[in-house]
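Visitor: I should like to understand how the descriptive terms applied to this protein are justified. May we take them one at a time?

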Amino acid sequence: MYDPENRLTDAHEPEVGTLPNEDGGRDEENVVKTGTTTVGIATENGVVIATDRRASLGGRFVSNKQVQKVEQIHPTAAMTLVGSVGGAQSFIRSLRAEADLYEVRRDEPLSIHALATLAGNFARGGPYFAINPIVGGVDEEGSHVYSVDPAGGVLEDDYTVTGSGTMVATGTIEGQYDPEMSLGEARDLAIRAVNAAAERDTGSGNGVVLAEITGEGVEIDAFDDYESAE
């Protein structure tokens, strides 16, 4: 049974692997976090999401170099994994299940706006720990990128960045973004933004994962280095 006073009892995220601290809560130093830089860019032809591949322990030790930080959650949408690994994985599973149920019941997929709103509701009211994902997708109304903050706030923009490398990646995109850029140009810019963040942010690095989303579906590829992704 979920006890709000002791989140270690949360049945929805047993894989977090936290240890109790003296106050009986989470010991954040022992939570595996993605650190991370995640980028979402919307274009007229689709959405590009790019992330690094590093997970760290307490922000000081690289615990994994091959994390896939973006997952398909909808026929034409994907979401990034940001924050504690366990919380983000549980969040993605729950959101994907709700999107699948909606499609089965209504015989049509959720709109991307509805999907992002649902993600915000989950973040605000659910037991998920330290998440700050990007939701990107394509529907009948076009291409969309949303950021979802840990308190459940949902904001749509032409592009957005979350994670510990936000400042560097945002600066890279800010001077080069063009609302009329192609999907390929958005892909190149997203790679450059993640690469720039990895040069300065200790929580980001070890290659890049790219998701290209169009009305036809979601394609996700992982690369060990930035040159091979270009």
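Guide: Contact here means heavy atoms within 4.5 Å. The model itself is predicted. By that cut-off, and leaving aside neighbours within four places in sequence, Leu210 is in contact with Val48, Ile49, Ala50, Arg187, Ile191, Glu219, Ile220, Asp221, Phe223 and Ala229.

Visitor: What makes Leu210 notable in the largest nonpolar core?

Guide: That core has 23 residues, and Leu210 is one of those that touch the most other members, together with Val39, Ile41, Ile173, Tyr177 and Val208. At least two core residues are supplied by each of E2, strand E3 (46–51), strand E11 (159–163), helix H3 (166–174), helix H4 (183–200), E12 and helix H5 (226–229). The largest share, 8 residues, comes from H4. There is also a second, separate core of 22 residues, which includes Leu95, Leu115, Ile131 and Val135.

Visitor: How do you know that strands E12 and E13 pair?

Guide: Pairing requires at least two bridges between two strands. E12 (residues 208–214) and E13 (residues 217–223) have 7 bridges, in the antiparallel sense, so the requirement of at least two is met. Val208 stands opposite Phe223 in E13. The two strands form a hairpin, with 2 residues between them.

Visitor: Where does UniProt place the feature "active site"?

Guide: The UniProt record, an unreviewed entry, places this feature at Thr36. Thr36 lies in the loop between strand E1 (32–33) and strand E2 (37–43).

Visitor: Why is Thr36 called buried?

Guide: Buried means under 20% relative accessible area. Thr36 has 0% relative accessibility, and therefore counts as buried. Apart from neighbours within four places in sequence, Thr36 is in contact with a set of residues that includes Asp52, Lys69, Thr162, Ser164, Asp201 and Ser204.

Visitor: What makes the approach of Thr36 to Lys69 a polar contact?

Guide: The cut-off for such a pair of N or O atoms is 3.5 Å. The side chains of Thr36 and Lys69 make their polar contact at 2.6 Å, so the distance is within the cut-off. Lys69 also has a polar contact of 2.9 Å, side chain to side chain, with Asp52.

Visitor: Why is Lys69 described as buried?

Guide: The relative accessible area of Lys69 is 0%, so by the limit of under 20% this residue is buried. Lys69 is found in the loop between strand E5 (61–64) and strand E6 (70–74). The C-alpha atoms of Lys69 and Thr80 are separated by 5.4 Å, although these residues are 11 residues apart along the chain.

Visitor: Which residues does Thr51 touch, and how do you know that Thr51 is buried?

Guide: Thr51 lies in strand E3. With 0% relative accessibility, set against the limit of under 20%, Thr51 therefore counts as buried. Among the residues touched by Thr51, not counting those up to four places away in sequence, are Thr37, Thr38, Lys69, Thr80, Val194 and Val208.

Visitor: How many helices and strands does the chain have, and what share of its residues counts as buried?

Guide: The chain has 5 helices and 13 strands. Of its 230 residues, 49% count as buried. The chain exposes about 11,000 Å², of which carbon and sulfur atoms supply 46%. Among contacts with a separation of 6 or more, residues 24 or more positions apart account for 62%.

Methods:
Residues are numbered from 1 along each chain as its sequence is written. This is a predicted model: local features need pLDDT of at least 70, side-chain atom pairs count only at pLDDT 80 or more; totals for chains, interfaces and linings use all residues. Side-chain values use heavy atoms; hydrogens and water are left out. UniProt positions are given in the numbering used here, feature names are shortened, and annotations may be inferred rather than shown by experiment. Helices (H or I, at least four residues) and strands (E, at least two) are DSSP runs, numbered from the N terminus. Buried means under 20% relative accessible area, exposed over 50%, partly exposed in between (1.4 Å probe, protein chains only). A polar contact is a pair of N or O atoms within 3.5 Å; within protein, one must be able to donate a hydrogen and the other to accept it, and residues adjacent in sequence count only if both atoms are side-chain atoms. A nonpolar core is a set of buried Ala, Val, Leu, Ile, Met, Phe, Trp, Tyr and Cys residues joined through side-chain atoms within 4.5 Å. Accessible areas come from the Shrake-Rupley method with a 1.4 Å probe; for residues, only the protein chains shown count as cover.
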